[in-house]
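Me: I would like to learn how to read the features of a model like this one, step by step. Could we begin with the overall build and then go on to single helices and residues?

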Amino acid sequence: MTSPDTTTAPAAPAQVGAKENRVIWLLLAAAFVAILNETTMGVAIPHLIGDLGITAVAAQWLTTAFMLTMAVVIPTTGFLLRRFTTRAMFATAMGLFSAGTLIALIAPGFEVLVAARVVQASGTAIMMPLLMTTLMTVVPPHLRGRMMGRVSVVISLAPAIGPTMAGIVLDNLTWRWIFAIVLPIALVALVVGVRWIHNLGDSTHTPIDILSVLLSAVGFGGVVFGLSQIGGHGTDVAAAEAATTTLVVALGIGLVALGLFAWRQLMLQKRDEALLDLRIFRSGNFSMSVAHFAVMSLAFFGTLTALPLYLQNTLGLSASASGLVVLPGALAMGLLGPVIGRVYDRWGTRVLLLPGTIVVLTILWSFTLLTESTPVWILVVTQTLLSIGLAMSFTPLFTASLGSLEPRFYSYGSAMVSTIQQVAGAAGIALLISVMSSAAAAAAQSGAADAPAGAAGARAAFLLAAIIGTPLLISAVLIRKPDDAPEGVSAH
């Protein structure tokens, strides 16, 4: 039997050295490209349906397969980042992402393209946990806010720019150019990273628990797949009934597997052999931060999907124009990320998280007043304010959550935060689009024209998001900056 692992990550230095800073910037760039690619496929699906001769239901597998792979791989990254070197993990992540992008570029048909998306997702799933774990290891506590501000730029700016970029490319070129543009950037990042990135901390030699991997895959994969079956079937009763059956079965199997997975981890962590060490939740500050982040992610990704649909289907904007509506907010998040990080380092969470939560909820509630004639400029302003509120929330949540853990738990905490983002994002998209479709269909059956029915659907979707998000006002007050936290909240 393997002896218990007692290695810990090295204590962060007083300042970030030039070499470490270079590594962080490289990881940020790689993560940005990976997430940017993740969000382009939704816009490309209509083009792929015609070009590849596939159905709309089949085309959805290009996004569903990606989400499923992310949900399966991310929970294992906490273990992998402790088991293998930083350079090896980066090379694996960017190698898989580059290989998947190349396969997608030259894919002769639909099946190969789906396989390419799975390979891409395998690399993307490693990047964010690797970035956050590296940052927590090399950056001293008093500088983590501004560094996490850069992470919030990646996690918010890339999903907003991706659809806009894809829309512009598809209006002028073929869908293959989406991958052709990304591939050389990925290859440059791979080559430079292998040369620049040095290993951080000590690697463990704990064997991987195959049962945990299987339970994790079935659990998280089942939940995400089940959520992907919600809504989107319009008036097709047979398809809706089949999807409902699939939803119930997938969620049921997924939840049972997650329960068994948690039990297995509790057993393994007694000898430090867990795939995903759940002792991270002994930190009350971490647990509250992750819960708050989950709801924020639900609202963010759900809104990021529902708002463009409202803009296109109800207000009649093109895909490119609807992307430009959300672009100012994305740019605001990008510019404010480092500034918000400095504010966090100086004054802590409450000066940011509570006002940010109030702004987000105010905008979500205002979206419940949308009509078929709402001026576009109002949506640009409100979406920008929403993005600012989210920027004020994400950076404190990232930093406070991981900063509440012991260094040896950073990789597990990063994996959990990334997993929560993936599952909550899938839930947000599924729930808001389902409610939006159902409410619009109900309004149409009552005699409403297409545009008013679409507006009714949008109002219902944002009402759900606003109701779910309102309790965040409580956690926004309770979450603390780790060095201000009371004794006993660190994970031991």
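Reply: Helices and strands are DSSP runs, of at least four residues for a helix and at least two for a strand, and they are numbered from the N terminus. In this predicted model, the chain holds 18 helices and zero strands.

Me: How much of the chain is buried, given its 492 residues?

Reply: Buried means under 20% relative accessible area, and by that cut-off 55% of the 492 residues are buried. The chain exposes about 19,100 Å², of which carbon and sulfur atoms supply 69%.

Me: Which residues of helix 14 are buried, and where do they lie around the axis?

Reply: The expected span of a helix is 1.5 Å times one less than its number of residues, so the 18 residues of helix 14 (residues 350-367) should span 26 Å, in agreement with the 25 Å between its end C-alpha atoms. Its buried residues are Leu352, Leu353, Gly356, Thr357, Val360, Leu361, Ile363, Leu364 and Phe367. They cover an arc of only 160° around the axis, and therefore sit on the same side of helix 14.

Me: Is Arg117 of helix 7 (residues 110-138) buried or exposed?

Reply: Arg117 counts as buried, because its relative accessibility is 0%. Apart from neighbours within four places in sequence, Arg117 is in contact with Asn37, Glu38, Met41, Leu62 and Phe66.

Me: And which residues make the nonpolar surface patch?

Reply: Leu173, Trp177, Ile181 and Ile185 make this patch, which has an area of about 350 Å². Trp177, found in helix 9 (residues 176-196), is partly exposed, with a relative accessible area of 42%.

Technical notes:
Residues are numbered from 1 along each chain as its sequence is written. This is a predicted model: local features need pLDDT of at least 70, side-chain atom pairs count only at pLDDT 80 or more; totals for chains, interfaces and linings use all residues. Side-chain values use heavy atoms; hydrogens and water are left out. Patches are made of residues with over 30% relative accessible area and no salt bridge: like charges are joined within 9 Å, nonpolar side chains (Val, Leu, Ile, Met, Phe, Trp, Tyr) within 5 Å. Accessible areas come from the Shrake-Rupley method with a 1.4 Å probe; for residues, only the protein chains shown count as cover. A salt bridge is a side-chain nitrogen of Lys or Arg within 4 Å of a carboxyl oxygen of Asp or Glu. Buried means under 20% relative accessible area, exposed over 50%, partly exposed in between (1.4 Å probe, protein chains only). The arc is that of the directions from the helix axis to the C-beta atoms. Contact means heavy atoms within 4.5 Å.
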